[in-house]
Amino acid sequence: MADPLFLRACRREPVERTPVWLMRQAGRYLPEYRAVRERVDFLTLCRTPELVTEVTLQPIDRFGFDAAILFSDIFVPVTAMGVDVAFAPGPMIAAPIRDRRAVDALRVPDPDEALGFVGESIRMLRAALEPRGVPLIGFGGAPFTLACYLVEGQGSRHFTAFRTLASDDPALARVLLDRLAETMIAALRAQVAAGAQAIQLFDTWAGLLGATDWETWSRPWVERIFAALADLGVPRIYFASGAGHLTPRFRDLGADVVSVDWRTPLDEARAALGPEIAVQGNLDPVTLLGWWKTVRDRTDEVLAAAGGAPGHVFNLGHGILPATPIENVERLVAHVREATS
Ligand code: CP3
């Protein structure tokens with residue numbers, strides 16, 4: 001059987017039609033996900049391979065997406081570093097990491113020992129996905145974005161705490177980013193060893209940074225992680241939100257695919273990235289809350305901007321919103337299929 005469409009599109013090989021999956025495709029907009037969450041809390045769900053498998057497959061079996069993404073969170077490996085993280089629903093750090101002692105206390109966990117449930121989930125998922133012909137994406141958080149939460153203690157509009165630490169004590173900020181990068185390299189290599197066929201690195205808050213600060217506080221660690229995955233031969237996807245001003249800088253990051261948010265048209269992203277990087281995206285997730293006719297028109301605009309050249313994976317520009325009507329997702333998938341075959 002030929003390689004799945006998603007993997008071929010990531011490698012910029014020709015495809016019969018554009019593959020489609022959605023960030024956060026397993027989540028609260030699905031009644032069957034909410035039913036599981038009534039029984040278990042979010043972290044218990046992430047740590048139970050049978051349940052991870054069940055919720056990862058929910059959107060695959062309902063909509064027929066062309067890729068599955070491991071159900072987990074960018075903070076799961078961080079819990080194994082010795083950080084107390086709760087979810088409400090976003091991550092809450094019990095003791096924000098703000099000084100030398102807190103940074104020194106962070107462990108770089110051995111994923112086989114501390115994150116065995118992730119490997120087990122991936123093995124179960126691959127066995128279930130193989131007959132469906134659907135590939136599995138593993139993922140992690142980029143050090144800058146993880147550090148934003150760890151130092152702030154929770155989500156924030158500006159994430160001033162990490163950015164102030166970086167300015168006041170750059171050496172300490174670098175030790176923190178190093179520790180996070182080492183953890184992510186081991187965790188992501190373990191995901192691929194267990195069977196993940198592509199890796200997406202989420203640098204959600206990178207767009208907060210000006211170009212010079214992104215070069216200083218995000219790029220070096222992202223480059224290090226992508227370089228450390230190069231020998232595994234799986235597509236490496238970089239996602240940053242609100243990062244249109246940075247897109248030309250993603251050309252030489254080591255990413256094979258750049259996931260573009262809805263603010264930057266895909267033709268502009270392609271021009272900035274050059275012909276050797278595939279693009280993923282980029283319908284505005286808010287569009288899915290409106291009338292189908294608008295969803296269809298905007299989807300056609302995304303497909304037109306992606307153009308006919310190989311190397312496009314259809315997705316949203318950020319995660320699907322909990323209020324999204326299921327019917328719009330069904331029609332979206334059918335429309336992308338029909339319009340591109
Ligand atoms: O895409 C998928 O279906 C895979 C699962 C996934 C989750 N989180 C599950 C989740 C992925 C890839 C993530 C990544 C993640 N987590 C990011 C980067 C991507 C992004 O969306 O920006 C970030 C910043 C986090 C941290 C995080 N975890 C936040 C901000 C939240 C609250 C989100 C919200 O929608 O309210 C979470 C919790 C979380 N992670 C949920 C899910 C399904 C909601 C948990 C629940 O209550 O059931």
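Helices and strands here are DSSP runs, numbered from the N terminus, with at least four residues for a helix and at least two for a strand. With that in hand, let us walk through the model, which is a predicted one.

A good place to start is V279, which is found in strand β8. Is V279 buried or exposed? With a relative accessible area of 0%, V279 is buried, because the cut-off for that word is under 20%. Setting aside residues up to four places away in sequence, V279 touches V257, V258, V260, L266, R270, L273, G311, H312 and V313. Strand β8 spans residues 278–283, and N282 has its place there too. Have a look at the backbone leading into N282: the peptide bond from G281 to N282 is cis, with omega near -10°.

From V279 we can step over to a distant part of the sequence. V279 and R12 are 267 residues apart in sequence, yet their C-alpha atoms are 9.3 Å apart in space. R12 is found in the loop between α1 (5–10) and α2 (31–39). R12 is partly exposed, with a relative accessible area of 33%. Its backbone is also worth a look, for R12 has a positive phi of about 60° although it is not a glycine. R24 is found in the loop between α1 and α2 as well, and phi of R24 is near 60°, again a positive value in a residue other than glycine. R24 counts as exposed, at 57% relative accessibility.

Why point out these backbone angles? Most residues other than glycine have a negative phi, and most peptide bonds are trans. Besides the bond into N282, the peptide bond from A88 to P89 is cis, with omega near -20°. P89 has its place in the loop between β2 (85–87) and β3 (91–93).

R24 also brings us to the ligand. Which residues are closest to the ligand? R24, R28, Y33, R37 and D73 are the closest of the 23 residues that surround the ligand. Several polar contacts can be picked out. In the side chain of R28, an N or O atom is 2.3 Å from an oxygen atom of the ligand. A polar backbone atom of Q25 is 3.3 Å from an oxygen atom of the ligand. A nitrogen atom of the ligand, in turn, has a polar side-chain atom of D73 at 2.7 Å. Of the 880 Å² of accessible area that the ligand has on its own, the protein covers 89%. The space taken by the ligand is the largest pocket.

Now for a closer look at D73. This residue is found in the loop between β1 (68–69) and α5 (76–79). At 14% relative accessibility, D73 counts as buried; the accessibility of residues is worked out with the protein chains only. Apart from its neighbours within four places in sequence, D73 is in contact with F42, C46, F87 and F139. D73 and F139 are 66 residues apart along the chain, and their C-alpha atoms are separated by 8.4 Å. The side chain of D73 has a partner within the protein too: one of its polar atoms lies 3.0 Å from the backbone nitrogen of F75.

Y33, one of the residues closest to the ligand, leads us on to Q58. What does the side chain of Q58 reach at 3.3 Å? The answer is the backbone nitrogen of Y33. Q58 lies in helix α4, which covers residues 49–63, and is buried, with a relative accessible area of 11%. Leaving out residues up to four places away in sequence, Q58 touches L30, E32, Y33 and V36. The C-alpha atoms of Q58 and A68, ten residues apart along the chain, are 9.7 Å from each other.

Our last stop is S218. Where does S218 lie? It sits in the loop between α12 (211–217) and α13 (219–229). S218 counts as buried, at 1% relative accessibility. Not counting residues up to four places away in sequence, S218 touches F144, D203, D213 and Y238.

Definitions and conventions: Residues numbered from 1 in each chain as written. Predicted model: local features only at pLDDT ≥ 70, side-chain atom pairs only at ≥ 80, totals over all residues. Heavy atoms only, no water. Buried < 20%, exposed > 50% of the residue type's maximum accessible area, 1.4 Å probe, protein only. Contact = heavy atoms within 4.5 Å. Near = heavy atom within 4 Å. Polar contact = N/O pair within 3.5 Å; in protein donor to acceptor, adjacent residues only side chain to side chain. Areas by Shrake-Rupley, 256 points an atom, 1.4 Å probe, with all protein chains shown as cover. 1 Å grid on protein atoms, 1.4 Å probe; cavity = no way out; pocket = protein on both sides within 12 Å on 5 of 7 lines; lining within 4 Å. Sits in = over half its atoms within 2 Å of the grid points.
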